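Please find my notes on this model below. They are set out as numbered points.

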There are 2 protein chains.
Amino acid sequence: MKHIAESTVRRLSLYLRFLEEFETQGQATISSGELALSGGTTSAQVRKDLSFFGSFGKRGLGYGVRDLIGSIREILGLHRSWSVVIIGAGKIGAALAQYRGFTQRGFNVVGVYDKDPSRIGVTLDDITVRADAELERDIQRLKPQIAVLCVPGDAAQALVDRVTKAGVKAVLNFAPAQIHVPKGVTLRAVNMATELEILAFGLSHPEERAS
Amino acid sequence: MKHIAESTVRRLSLYLRFLEEFETQGQATISSGELALSGGTTSAQVRKDLSFFGSFGKRGLGYGVRDLIGSIREILGLHRSWSVVIIGAGKIGAALAQYRGFTQRGFNVVGVYDKDPSRIGVTLDDITVRADAELERDIQRLKPQIAVLCVPGDAAQALVDRVTKAGVKAVLNFAPAQIHVPKGVTLRAVNMATELEILAFGLSHPEERAS
DNA sequence: GAGGGCTTGTGAAATCATTCACAAACTATC
DNA sequence: GATAGTTTGTGAATGATTTCACAAGCCCTC
Ligand SMILES: NC(=O)c1ccc[n+]([C@@H]2O[C@H](COP(=O)([O-])OP(=O)(O)OC[C@H]3O[C@@H](n4cnc5c(N)ncnc54)[C@H](O)[C@@H]3O)[C@@H](O)[C@H]2O)c1
Ligand SMILES: NC(=O)c1ccc[n+]([C@@H]2O[C@H](COP(=O)([O-])OP(=O)(O)OC[C@H]3O[C@@H](n4cnc5c(N)ncnc54)[C@H](O)[C@@H]3O)[C@@H](O)[C@H]2O)c1
């Protein structure tokens, strides 16, 4: 398959959200134009994004909402569930561990880890924080595919090394640190400072704001 | 000024982080190549990014670390401080309100708001949660430029309407909802579900992973 | 089953972003 | 102050993504 741009995957995730909304509202079919309107893009973009993966619509009619939901879920890899470990049970780690939006979409938190004795044993909803020393053994046993990193920046790289060595294949990093992963591991970073700085840039350059 | 790509602004924020690190290590000058290496990009990219805003280096020598920090801070609009209100004092809102990384970079949280009486009056570090009914009056008084939205998706649009009407010019949205802002307001969204779904896509299509 | 009215799927064109490649400019040394 | 050794700043080339535009396909009505 041709290489797929990240922007395409991001939009597919967005389309899926709107389609689910249209489905609960009982809409049976939808055109690329309607979908584009919800997502702030163009109908050609919607069709092009989908065309990388096949042909899902009916000319003259549009897309079956339920079918397209199924197809996009398949494309994104959401027809199965994924196991997630959260590393760092501090403020952000605890918030994520208790976030219902994860489980709702098929991402099951199978472990939360911390090194601070005062955090170990704490119960977050229905999961108990465990010692980071258990990480390797638990990863072997539970085979999580995804690790979410919520530790201070200077602890991040060492923990990524440990979890990727133990078999984790994707990392979502919240620590404000540039980290490196072995080939074959997918990495994404959510950097709050950068998001705010992009806003500050927009505020400082009103003449050329994107929005 | 020509239109600046978001990717450029994002990289400038990244460069700034590395430069600050190099400065604390006492390095006086740095070449585009060195900076590129830290940030996982190319020297040409670094120079091109900077060239949109002016000429900051010395040929044959590189960039003065301290000077370039100052220049990038100026470009991003960080030579001044910005005031932020956080709306929604739930799990994620509370974590953000207590996050030191905000203040460290010149983003001052001047208010945290919730509608739930059991949250109002709670103290997060040194700030007390206030009733959302106070929003308009406080925005008039404190003139925050940025609002960070940490409320459930179905409450998001109404609150954005309220804060932008009251004068807020930038919004960072954590709710999983597509929101609209008036012209002249900058909007960014952090969508955890999408981040995880991009990871799931990478896990499902190993042959064409980006990393 | 022919025709009108839509909407898809997709090459081609246009736009946008990155990389290349090199002249110009600086430092250091002799 | 001439020369060697660097590194910047930037047009031009390449590569990637988005938009355009239209033939092909489907539904519905007559
Ligand atoms: N709080 C926020 O709103 C926020 C926002 C964006 C980014 N971040 C980043 O997320 C990370 C966590 O932030 P936080 O506010 O939750 O901090 P925190 O101090 O509340 O939590 C960090 C946790 O990580 C644990 N930890 C440290 N080293 C560890 C190790 N080697 N193994 C296991 N656990 C370890 C600590 O014991 C602590 O419980 C930081 O890098 C921070 O910069 C936080
Ligand atoms: N918790 C997470 O890790 C996480 C991660 C990503 C995104 N989010 C999103 O962030 C938002 C908040 O999540 P949370 O986990 O903090 O939920 P939460 O329920 O803990 O907090 C939401 C808060 O918003 C308040 N609120 C609701 N309506 C309001 C209104 N009209 N005005 C003022 N306050 C109002 C509620 O009283 C509550 O305190 C949600 O949209 C969620 O999907 C959360």
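Which side chain meets A:Arg105 in a salt bridge?

1. The partner is A:Glu20, with N and O 2.7 Å apart. This is a predicted model, and the distances here should be read as such. A:Arg105 sits in the loop between α6 (100–104) and β4 (107–114) of chain A, while A:Glu20 belongs to helix α1 of chain A, so the pair ties together parts that are 85 residues apart in sequence.

2. The two partners differ in burial class. A:Arg105 is buried, at 12% relative accessible area. A:Glu20 is partly exposed, at 24%.

3. A second pair links the chains. A:Glu197 forms a salt bridge with B:Arg17, and the closest N and O atoms are 3.4 Å apart. This pair runs from helix α9 (residues 192–204) of chain A to helix α1 of chain B. Both A:Glu197 and B:Arg17 are buried. Shared partners also join salt bridges into one network, made up of A:Arg17, A:Glu20, A:Arg73, A:Arg105 and B:Glu197.

4. Compare a local pair. A:Arg10 forms a salt bridge with A:Glu6, at 2.9 Å between the closest N and O atoms. Both residues lie in helix α1 of chain A, four residues apart, or about one turn of the helix. A:Arg10 is partly exposed, with 32% relative accessible area. A:Glu6 is partly exposed too, with 38%. Side chains of opposite charge can pair when their charged atoms come close. Over all chains the count is 32 salt bridges.

5. Turn to DNA strand C. Which residues come nearest to this strand? They are A:Ser32, A:Arg47, A:Ser55, A:Arg59 and A:Tyr63, out of 24 residues around the strand. Sugar and phosphate supply 64% of the strand C atoms that come within 4 Å of the protein.

6. Three polar contacts to strand C deserve a look. A polar side-chain atom of A:Ser32 is 2.6 Å from a phosphate oxygen of DNA strand C. At A:Gly60 a backbone N or O atom lies 3.0 Å from a sugar or linking oxygen of the strand. From chain B, a polar side-chain atom of B:Gln45 is 3.5 Å from a sugar or linking oxygen of DNA strand C. The elements giving two or more residues to the surface near this strand are α3 (43–51) of chain A, plus α1 (6–24) and α3 (43–51) of chain B. α3(B) gives the most, with four residues. By class, the surface near DNA strand C has five nonpolar, 11 polar and eight charged residues.

7. DNA strand D also has 24 residues around it, of which A:Arg59, B:Ser32, B:Arg47, B:Ser55 and B:Tyr63 come nearest. Of the strand D atoms within 4 Å of the protein, 62% belong to sugar or phosphate, and the rest to bases.

8. Where do the arginine side chains A:Arg47 and B:Arg47 touch strand D? Each has a contact to a base nitrogen. For A:Arg47 a polar side-chain atom lies 3.3 Å from a base nitrogen of DNA strand D. For B:Arg47 a side-chain N or O atom is 2.6 Å from a base nitrogen of DNA strand D. B:Ser55 instead places a polar side-chain atom 2.6 Å from a phosphate oxygen of the strand. α1 (6–24) and α3 of chain A, together with α3 of chain B, are the elements that give two or more residues to the surface near DNA strand D. Here α3(A) gives the most, with four residues.

9. Ligand 2 lies between chains A and B. Of the 22 residues around ligand 2, A:Tyr99, B:Lys91, B:Ile92, B:Asp114 and B:Val151 come nearest. A polar side-chain atom of B:Asp114 is 2.4 Å from an oxygen atom of ligand 2. A backbone N or O atom of B:Val151 is 2.7 Å from a ligand 2 oxygen. Chain A contributes a polar backbone atom of A:Leu96, 3.4 Å from an oxygen atom of ligand 2.

10. How much of ligand 2 does the protein bury? Taken alone, ligand 2 exposes 810 Å², and the protein buries 85% of that. Two or more residues of the shell come from each of α5 (91–97) of chain A, α5 (91–97) of chain B and α8 (153–166) of chain B. α8(B) gives the most, with three residues. By class, the shell around ligand 2 has 13 nonpolar, three polar and six charged residues.

Methods. Residues are numbered from 1 along each chain as its sequence is written. Chains are lettered from A and ligands numbered from 1 in the order in which they are written. This is a predicted model: local features need pLDDT of at least 70, side-chain atom pairs count only at pLDDT 80 or more; totals for chains, interfaces and linings use all residues. Side-chain values use heavy atoms; hydrogens and water are left out. A residue is near a molecule or strand if one of its heavy atoms lies within 4 Å of it. A polar contact is a pair of N or O atoms within 3.5 Å; within protein, one must be able to donate a hydrogen and the other to accept it, and residues adjacent in sequence count only if both atoms are side-chain atoms. Ala, Val, Leu, Ile, Met, Phe, Trp, Tyr, Cys and Pro count as nonpolar, Asp, Glu, Lys and Arg as charged, and the others, Gly among them, as polar. A salt bridge is a side-chain nitrogen of Lys or Arg within 4 Å of a carboxyl oxygen of Asp or Glu. Buried means under 20% relative accessible area, exposed over 50%, partly exposed in between (1.4 Å probe, protein chains only). Accessible areas come from the Shrake-Rupley method with a 1.4 Å probe; for residues, only the protein chains shown count as cover.
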